[in-house]
Each structure stands twice: as structure tokens, then as C-alpha cells.
Amino acid sequence: MRASELYAPTLRESPAEAELLSHKLMFRAGLIRKAAGGMYTYLPLAWRTMKKIMQIIREEMDAKGGQELMMPITQPAEIK
């Protein structure tokens, strides 16, 4: 499927609340949408992109004999 056929609303102008360049570009590209104050949601194109990146990383780790480690909680700064 072409990216142009996906439901991804794009913007012509940058949102007023966006300060960082990456934030502005992700909004304009249709990767994220603001859900509430300080909360954002990924749109389908962003999910598709992240899945492809994760697959590439997994393939490279497997080729090098690496192991994937899931850490669902945030670790304190003292543990290094």
C-alpha cells in the first residue's frame, strides 16, 4: 500500500504549541496527533514506520548473536 493511500491527515502549517523542529515535522507529516494536554497518539503511518525499524534492529541483533531484553519499567539513575 502506498503511503498516500493511508489515512494520515497532514498539515500545511506547524501547530502553535510545537516548539521543536522534530515535533513540528511529525505533526505536519501526519505521524502524531495531540490527544489531550501533553498527550499524543501515533497515527497509522508512524506505527508502520516503527514496526519496520524494530524489525531491522531485531534482524541485526540476531545476526550478531544479541539478545532482546524487555524492560517495561523505568530504572532508577543509580543503577548503571
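His-23 lies within helix H1, which covers residues 21–29. In this predicted model, the residue has a relative accessibility of 15% and therefore counts as buried, since the cut-off for that class is under 20%. Apart from neighbours within four places in sequence, His-23 is in contact with Glu-17, Ala-18, Ile-32 and Tyr-40. With Tyr-40 there is also a polar contact, in which the two side chains are joined at 3.5 Å.

The surroundings of His-23 are best followed through the chain as a whole. The chain contains 2 helices and 2 strands, and these succeed one another along the sequence in the pattern α-β-β-α. Of its 80 residues, 12% count as buried; His-23 is one of the buried residues. The exposed area of the chain is about 7100 Å², of which carbon and sulfur atoms supply 59%. When contacts between residues at least 6 apart in sequence are considered, 16% of them join residues at least 24 apart.

The two strands form a hairpin with 2 residues between them. Strand E1 (residues 32–36) and strand E2 (residues 39–42) run antiparallel and are joined by 4 bridges. Two facing positions can be followed across this pairing. Ala-36 is opposite Met-39 of E2, and Ile-32 is opposite Tyr-42 of E2. Ile-32 has already appeared among the contacts of His-23. In the hairpin, Gly-38 adopts a positive phi near 80°.

Aromatic rings provide a further view of how these elements meet. The chain has 2 aromatic pairs. One of them consists of Phe-27 and Tyr-40, whose ring centres are 5.9 Å apart and whose planes are at 75°, an edge-to-face arrangement. This pair links distant parts of the chain, for Phe-27 belongs to helix H1 and Tyr-40 to strand E2, with the two residues 13 apart. How buried or exposed are the two partners? Phe-27, at 7% relative accessibility, counts as buried because its value is under 20%. Tyr-40, at 37%, counts as partly exposed because its value lies between 20% and 50%. Tyr-40 thus combines an aromatic pairing with Phe-27 and a polar contact with His-23.

The other pair is formed by Tyr-42 and Trp-47, with ring centres 5.4 Å apart; the planes are at 70°, so this pair is also edge-to-face, the class for angles over 60 degrees. Tyr-42 has a relative accessibility of 42% and so counts as partly exposed. Trp-47, at 43%, likewise counts as partly exposed.

Helix H2 comprises residues 44–64. Does its length agree or disagree with the expected span? At 1.5 Å a residue, its 21 residues should span 30 Å, and the C-alpha atoms at its ends are 31 Å apart, so the two values agree. After H2 comes Gly-65, which has a positive phi near 85°.

Conventions. Residues numbered from 1 in each chain as written. Heavy atoms only, no water. Buried < 20%, exposed > 50% of the residue type's maximum accessible area, 1.4 Å probe, protein only. Polar contact = N/O pair within 3.5 Å; in protein donor to acceptor, adjacent residues only side chain to side chain. Contact = heavy atoms within 4.5 Å. Areas by Shrake-Rupley, 256 points an atom, 1.4 Å probe, with all protein chains shown as cover. Pairing = 2+ DSSP bridges. Expected span 1.5 Å × (residues − 1). Phe/Tyr/Trp six-rings, centres within 6.5 Å; stacked < 30°, edge-to-face > 60°.
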